[in-house]
Amino acid sequence: MTDVTMDKIVSLCRRRGFVFPSSEIYGGLGSTFDYGHYGVLMKNNIRSLWFRSMVQERDDMVALDSAVILNPSVWEASGHVAGFTDPLVDCRTCKLRFRADKLEDSQCGRRPSNRPGEFRECDLTEARQFNLMFETQVGALEDASSTAYLRPETAQGIFINFKNVAQLARRKPPFGIAQTGKSFRNEITPGNFLFRVREFEQMEMEYFVPPADAQRWYEYWIEQRLNWYLDLGVRRSMLRVREHSAEERSHYSSGTSDIEYDFPIGWQELEGVANRGDFDLTQHSQHSGTKLEWVEQDGTRYTPHVIEPAVSIERIFVAMLCDAYHEEVVAERDRTVLRLHPAVAPVKAAILPLIPRNDEMVARSRKLLDELRERWLVEYDDGGQIGRRYRRQDEIGTPWAFTIDEQTLEDETVTVRDRDSLAQERLPLSGVAAWLADALRRPWQSPAA
Ligand code: GAP
């Protein structure tokens, strides 16, 4: 068993260009990151797999892309202006800030402050509430009337569009509205790489149901979302569902369950599934004066209840990397491999001319590359020894490598190497695209499962 630490994941992400610390040449900006090539590809895959299962494969779902900056009244109505806060304490000794409810996870409060040469007890201020929304100004005038917020969740953009979708697009509950997009939170203690950041991409879906059916749909969506991770090869032993106690639930929730992953930092929320009742539609109806309700053909009306699965690409990204990361020794050499589900892997296949100076091998390799890249993200790699190229592809999780060698020039066959089993077989060059299409359709399970 590989000992997977966050440091190893961060180091691989940096080494192989998945993720870089942002603004690095200016000394960085705490807990902000930029995605490099493979990170972008993997993020795109996660987003489109989510969209596929939430929207493309269903009859009861529509997509939305709402604005980041909304009328500030939205956040009054939603309760975020008054209540989207964390308790904050300052330490007079080490001059750092902490969440009062997470002190046991921090360096402060429990042990001497560890500034170089200083070993004084931490001295904490009284807790005060700190609003996590980023404020901004809209327009040229800077006064109270121009204050607006960067959205801290994408959900409210969905609620305020309920009427557009339900009435204009003639959707009848149960139906859902799904959207992905950036959210922003001025977290007091961001950290653990991408796990808690101030800018992240949420994927949220609000499912509107008749009130009497809410509990049934809540249970349905917990199961659906758990199965999504399992279908993408995340190990069952690393996932669990944890129901929130009444004290833990958010102000809008009448039931919340977290799908948790056993991260290197312990069991933590990966995704939340909440039964938001009629809280949001009722609040927006009252504050806006626009009735957000469903009217049956016989004239009976009701405010639908809402079930919400909500997650960020960042959390899935980290969980999937942790689940996939594996170190082993093969033929007396170290190998680090990302055993990602092929659908999640940034690159689906590598095309490797065995001898890059051989013009015929290069010509055949490039022809295969042109054929495969019409359908998939594939990579041509001619840098260095073949063993080194395999290792490089292993580290970015490429499931298959096709090698064009001397035998290809004789009999038009290629070698395909499997990332997980390391097995190699020969295939006709003309059959590679069909072979890859078939391989990508096959169910995949982590070899560690
Ligand atoms: N609309 C409900 C909502 O936003 P939440 O539990 O605050 O609920 C939902 O957030 C999901 O968004 C979390 O389960 C997590 O996946 C992700 N998330 C929240 N804050 C995050 C942060 N600071 N960094 C990365 N992901 C975050």
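**Figure 1. Surroundings of Asn-45 in helix H2 (residues 37–56).** Asn-45 is buried because its relative accessible area is 16%, buried meaning under 20%, exposed over 50% and partly exposed in between (1.4 Å probe, protein chains only). The structure is a predicted model: local features need pLDDT of at least 70 and side-chain atom pairs count only at pLDDT 80 or more, whereas totals for chains, interfaces and linings use all residues. Residues are numbered from 1 along each chain as its sequence is written, and side-chain values use heavy atoms, with hydrogens and water left out. When residues up to four places away in sequence are not counted, Asn-45 touches Ala-343, Val-344, Ala-345, Pro-346 and Lys-348; contact here means heavy atoms within 4.5 Å. Helices (H or I, at least four residues) and strands (E, at least two) are DSSP runs, numbered from the N terminus.

**Figure 2. The shell of residues around the ligand.** The ligand is surrounded by 21 residues, of which Glu-153, Arg-185, Val-197, Glu-204 and Glu-269 are the closest; a residue is included if one of its heavy atoms lies within 4 Å. By type, the shell holds eight nonpolar, three polar and 10 charged residues. In this division, Ala, Val, Leu, Ile, Met, Phe, Trp, Tyr, Cys and Pro count as nonpolar, Asp, Glu, Lys and Arg as charged, and the others, Gly among them, as polar. Strand S10 (199–209), strand S13 (266–277) and strand S16 (305–312) each provide at least two residues of the shell. The largest share, five residues, comes from S13.

**Figure 3. Side-chain N and O atoms facing polar atoms of the ligand.** The side chain of Gln-202 places an N or O atom 3.1 Å from an oxygen atom of the ligand. For Arg-276, an N or O atom of the side chain is 3.5 Å from a nitrogen atom of the ligand. A ligand nitrogen atom is also 2.9 Å from an N or O atom in the side chain of Glu-308. Taken alone, the ligand exposes 550 Å², and the protein buries 91% of that; areas come from the Shrake-Rupley method with a 1.4 Å probe, and for residues only the protein chains shown count as cover.

**Figure 4. Glu-153 and the residues that it touches.** Glu-153 lies in the loop between strand S8 (147–149) and helix H5 (155–159), and it counts as buried because its relative accessibility is 5%. The side chains of Glu-153 and Gln-156 are joined by a polar contact of 2.7 Å. Such a contact is a pair of N or O atoms within 3.5 Å; within protein, one must be able to donate a hydrogen and the other to accept it, and residues adjacent in sequence count only if both atoms are side-chain atoms. Beyond its neighbours within four places in sequence, Glu-153 is in contact with Trp-75, His-80, Ser-183, Arg-185, Gln-202, Glu-204 and Arg-276.

**Figure 5. The largest nonpolar core and another core apart from it.** Among the 60 residues of the largest core, Phe-18 and Ile-46 touch the most other members. A nonpolar core is a set of buried Ala, Val, Leu, Ile, Met, Phe, Trp, Tyr and Cys residues joined through side-chain atoms within 4.5 Å. Elements that each supply at least two residues include helix H1 (6–15), H2, S10, helix H7 (214–231) and S13. Helix H9 (313–324) provides the largest share, nine residues. Apart from this core lies another, of 23 residues, including Trp-400, Phe-402, Ile-404 and Leu-427.

**Figure 6. Helix H13 (residues 432–441) and its cover.** The buried residues of H13 are Val-432, Ala-433, Trp-435, Leu-436, Ala-437 and Ala-439. Their cover includes strand S19 (349–353), helix H10 (359–373), strand S21 (400–404), strand S22 (413–418) and strand S23 (424–428).

**Figure 7. Backbone features in three loops, at Pro-174, Asn-192 and Glu-412.** A cis peptide bond, with omega of about 5°, joins Pro-173 and Pro-174; Pro-174 is located in the loop between helix H6 (162–168) and strand S9 (175–184). Asn-192, in the loop between S9 and S10, has a positive phi, near 60°, although it is a residue other than glycine. Asn-192 counts as partly exposed because its relative accessibility is 39%. Glu-412, in the loop between helix H12 (406–411) and S22, is not a glycine either and has a positive phi of about 55°. At 37% relative accessibility, Glu-412 counts as partly exposed.
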